[in-house]
Every structure is written in structure tokens, then in C-alpha cells.
Amino acid sequence: MRDGFWIEPGVPLPDLRQGTTRPLLVGVVAISAGRAFLQRRLGDHPAFPGALDVITGFPHPGESMVGAIARLVAEETGWQIRRVVSCAGFTTWRTPAGELVETEYAVEVAGALRQPKSDLPVRDYFTWAGCDELDVFAGLGDRGAYLRSVADRALRDVANAPDRPIPFPGDPLHNSYR
């Protein structure tokens, strides 16, 4: 256990504290109760505007990968991480500004999962999807195909991960809220 949550053995977490040679986008597939959190970005969002996406953002200068993952989850949803399970995807995108490297992590989360909260306006819609509901990415081109495969791998990785003691109490997605 590290930083208040589990990090499964073998999860590649590059040291970002010295910076990177190319812009790095960190993606987080937040999972609870066998379902992945998906959100539609606002039309003016700087990364993939108006597109269905996972939690994404850029690491701050000097921030570790673990720190970036935890910060992004907290900033975009208000949730806590229970554990980082795997690296569920890695790709390079060509953008008008140059190459963008993207790495996705499968992360189990806890908190008010039916009511994600963000201090920043990042989404206008969200949903939770299981492996059999990932056709929501159909029609989104290469990025949609990539995210479908990432979400599918993340869901499977979490389902196959060993049980771990819960580091803190939280409401799983399938429980009602008090």
C-alpha cells in the first residue's frame, strides 16, 4: 500500500519528476462494481472536446505518475482511489501541436459514485458501462476504438485482480446513498 491505496505489483509508473520529452496525457479508467466510468467532455475542453472519454489530464511539473492519477480522479470526480490495478493502454496521437503520448490506468474508486463532482467544468454527461456496454464508443473513430479496448482491458484486469483489504470505507456503485 502506498499513498493510502494499493498499487498492484508490476504496474509501470514512470518517474515524471524530471519531466518528459513529449507531452504526456494520463488517462484513468475508474472502475467500481464491474463498471467503468465514462464522461462526455465539454465542447470547449482542451483535450478531445465533445468526445466520450475516461478521466484524463496532464501531469503537473514535478508530479509523480501516482500523484497525477490521484489528483485527476479527485479533481474530476471527487472520488478516492482504492487501488491502481494495471496499465490498461498506451498510445501516441498525432495532434496539430505534435505528438501526444497517452497512458491509461485501471483504477478502482470509492466515494459518491452516482454524483461525481468537479471544481472544474469537465463534462456534460456521464455513465457507467460494463464490458457488454462498450459499444458507446462506436462511431468515434480511432480514439473510440482505442478507448473501447482500454475500457475492456481495464474491466477485465480489475475483475481478475486479487482481492485486497479495502484501505478505507466507501460506497460501492451498487449501494444506495444515505
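**Aromatic pairs and a pocket**

Hi everyone, let's begin with the rings: the count comes to five aromatic pairs. Please keep in mind that this is a predicted model.

Let me take one of those pairs in detail. A pair of aromatic rings is described by the distance of the centres and the angle of the planes. For Trp93 and Tyr146, the ring centres are 5.7 Å apart and the planes sit at 85°; the cut-off for edge-to-face is over 60 degrees, so this pair is edge-to-face. Where do Trp93 and Tyr146 sit along the chain? Trp93 belongs to strand β6, residues 80-95, while Tyr146 belongs to helix α2, residues 141-160. With their positions 53 residues apart, the pair links distant parts of the chain. And are Trp93 and Tyr146 buried or exposed? Both Trp93 and Tyr146 are buried.

There is also an aromatic cluster to look at, and its members are Phe37, Trp79, Phe126 and Trp128.

Now, on to a pocket. The second largest pocket holds about 170 Å³ of space. Twelve residues line this pocket, and those nearest its centre are His45, Thr56, Gly57, Phe58 and Glu76. Which element gives the most to the lining of the second largest pocket? That is α1, with four residues. Both β5, spanning 55-57, and α1, spanning 65-77, supply at least two residues of the lining.

For those of you thinking about chemistry, the lining of this pocket divides into six nonpolar, three polar and three charged residues.

That's my tour; thanks for listening, and I'm happy to take questions.

Terms used. Residues are numbered from 1 along each chain as its sequence is written. This is a predicted model: local features need pLDDT of at least 70, side-chain atom pairs count only at pLDDT 80 or more; totals for chains, interfaces and linings use all residues. Side-chain values use heavy atoms; hydrogens and water are left out. On a 1 Å grid over the protein atoms alone, a cavity is a set of points where a 1.4 Å probe fits but cannot get out, and a pocket is an open set with protein on both sides within 12 Å along at least five of seven lines; lining residues have an atom within 4 Å of a point. Grid points are joined across faces, edges and corners, and a volume is the space filled by probe spheres set on the points. Ala, Val, Leu, Ile, Met, Phe, Trp, Tyr, Cys and Pro count as nonpolar, Asp, Glu, Lys and Arg as charged, and the others, Gly among them, as polar. Rings of Phe, Tyr and Trp (its six-membered ring) pair if their centres lie within 6.5 Å; planes under 30 degrees apart count as stacked, over 60 as edge-to-face and the rest as tilted. Buried means under 20% relative accessible area, exposed over 50%, partly exposed in between (1.4 Å probe, protein chains only).
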